[in-house]
Amino acid sequence: FSETPLHSFHRHTRAFLKIQDGCDAYCSYCIVPHARGRSRSLPPERVVQNLKVLKERGFKEVVLTGIHLGVYGRDFNPPLPLENLLRQLEKEETPDRIRLSSIEPGDFSPELISILSQSRKVCPHLHISIQSGDDEILKKMNRDYDCLFLSNLIQELHLRIPKLSIGADVIVGFPGETEERFKHTYGLVDSLPFSYLHVF
């Protein structure tokens, strides 16, 4: 992990801390695994140290960022999942609010959902890369879930986490996407409690 922490964000009350880089997923539309390499994580002690510095500098909120944030810590021996890091941060001297950047649908373990539902620090806001609401397009994208999984996950998160705001990434016009397949995505999005979309 190439650590390049920023401790100054001019005229901002919110800071950003990159804790993960790279990706092992190889989605068919994405060059990141080739450009940035395998997933790797910032050691938890460095995460804590950086957050303490940001708190000392007056930041009230820090966004934990990464290319594939949900796999944070899986490269350690032994692995340290994201939920364990969040549980540790609950006890540390950090800024009052911690926000997570984008999370992949398959990375929501029961343990992660549990800590998110109970946390005093993690903001009730998630941004989830769903990408499509059509099973055939999801296969073409090399995504590891289907629409039923997505629907069940979003509804569970909405029920389990108080006052949760959920945003989503969606790709439309993917090669092979017909009008009918587009309507599947439209219908799925329309049926779920999303607060906003990033549409590509």
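The following questions and answers go through a predicted model, taking its core, its pocket and several single residues in turn.

Reader: Which helix gives the most residues to the largest nonpolar core?
Author: The largest nonpolar core has 48 residues, and those that touch the most other members are Ile 19, Leu 64, Leu 86, Phe 108 and Leu 157. In soluble globular proteins, nonpolar side chains tend to be buried together. The element that gives the most to this core, with five residues, spans residues 147–160 and is helix 6.

Reader: Which residues does Leu 64 touch, leaving aside those up to four places away in sequence?
Author: Leu 64 is one of the core members that touch the most other members, and a contact here requires heavy atoms within 4.5 Å. With residues up to four places away in sequence not counted, the partners of Leu 64 are Leu 17, Ile 19, Leu 51, Leu 69, Leu 86, Leu 89, Ile 98, Arg 99, Leu 100 and Ser 101.

Reader: How is the lining of the largest pocket divided by class?
Author: The largest pocket, with a volume of about 450 Å³, is lined by 25 residues, and Cys 23, Ala 25, Cys 27, Glu 104 and Arg 143 are the ones that lie nearest its centre. Helix 1 (32–36) and strand 5 (125–131) each supply at least two residues of this lining. Divided by class, the lining consists of six charged, seven polar and 12 nonpolar residues.

Reader: Why is the pair of Tyr 29 and Phe 174 edge-to-face?
Author: The structure holds four aromatic pairs. In the pair of Tyr 29 and Phe 174 the ring centres are 6.4 Å apart and the planes stand at 85 degrees. Planes over 60 degrees apart count as edge-to-face, so the angle that places this pair in the class is 85 degrees.

Reader: How many residues apart in sequence are the parts that the pair of Tyr 29 and Phe 174 ties together?
Author: Tyr 29 counts as partly exposed at 31% relative accessibility, whereas Phe 174, at 11%, counts as buried. Tyr 29 belongs to the loop between strand 1 (14–21) and helix 1, and Phe 174 to the loop between strand 6 (165–170) and helix 7 (179–191), so the pair ties together parts whose separation in sequence is 145 residues.

Reader: Is Pro 105 buried or exposed?
Author: Pro 105 sits in the loop between strand 4 (97–100) and helix 4 (110–118). Not counting residues up to four places away in sequence, Pro 105 touches Ile 128, Ser 129, Ile 130, Arg 143, Tyr 145, Phe 149, Leu 150 and Leu 153. Because its relative accessibility is 0%, Pro 105 counts as buried.

Reader: Which peptide bond is cis, with omega near 0 degrees?
Author: Most residues other than glycine have a negative phi, and most peptide bonds are trans. The cis bond leads into Pro 78, a residue in the loop between strand 3 (61–66) and helix 3 (82–89). With omega near 0 degrees, this bond is the one from Asn 77 to Pro 78.

Reader: What is the phi of Lys 163, and how accessible is this residue?
Author: Lys 163 lies in the loop between helix 6 and strand 6, and its phi, near 55 degrees, is a positive value in a residue other than glycine. Tyr 26, in the loop between strand 1 and helix 1, also has a phi near 55 degrees, and Tyr 26 is partly exposed with a relative accessible area of 38%. Lys 163, in turn, is exposed, with a relative accessible area of 81%.

Reader: What distance separates the C-alpha atoms of Pro 162 and Leu 116?
Author: Pro 162 is placed in the loop between helix 6 and strand 6 and is exposed, with a relative accessible area of 53%. Leaving out residues up to four places away in sequence, Pro 162 touches Ser 117 and Pro 124, and Ser 117 itself is in helix 4. Although Pro 162 and Leu 116 are 46 residues apart along the chain, their C-alpha atoms are separated by 9.5 Å.

Reader: How far apart are the C-alpha atoms of Arg 11 and Asp 75?
Author: Arg 11 is in the segment before strand 1 and, at 79% relative accessibility, counts as exposed. Arg 11 and Asp 75 are 64 residues apart along the chain, and the separation of their C-alpha atoms is 35 Å.

Notes. Residues are numbered from 1 along each chain as its sequence is written. This is a predicted model: local features need pLDDT of at least 70, side-chain atom pairs count only at pLDDT 80 or more; totals for chains, interfaces and linings use all residues. Side-chain values use heavy atoms; hydrogens and water are left out. A nonpolar core is a set of buried Ala, Val, Leu, Ile, Met, Phe, Trp, Tyr and Cys residues joined through side-chain atoms within 4.5 Å. Buried means under 20% relative accessible area, exposed over 50%, partly exposed in between (1.4 Å probe, protein chains only). Helices (H or I, at least four residues) and strands (E, at least two) are DSSP runs, numbered from the N terminus. On a 1 Å grid over the protein atoms alone, a cavity is a set of points where a 1.4 Å probe fits but cannot get out, and a pocket is an open set with protein on both sides within 12 Å along at least five of seven lines; lining residues have an atom within 4 Å of a point. Grid points are joined across faces, edges and corners, and a volume is the space filled by probe spheres set on the points. Ala, Val, Leu, Ile, Met, Phe, Trp, Tyr, Cys and Pro count as nonpolar, Asp, Glu, Lys and Arg as charged, and the others, Gly among them, as polar. Rings of Phe, Tyr and Trp (its six-membered ring) pair if their centres lie within 6.5 Å; planes under 30 degrees apart count as stacked, over 60 as edge-to-face and the rest as tilted.
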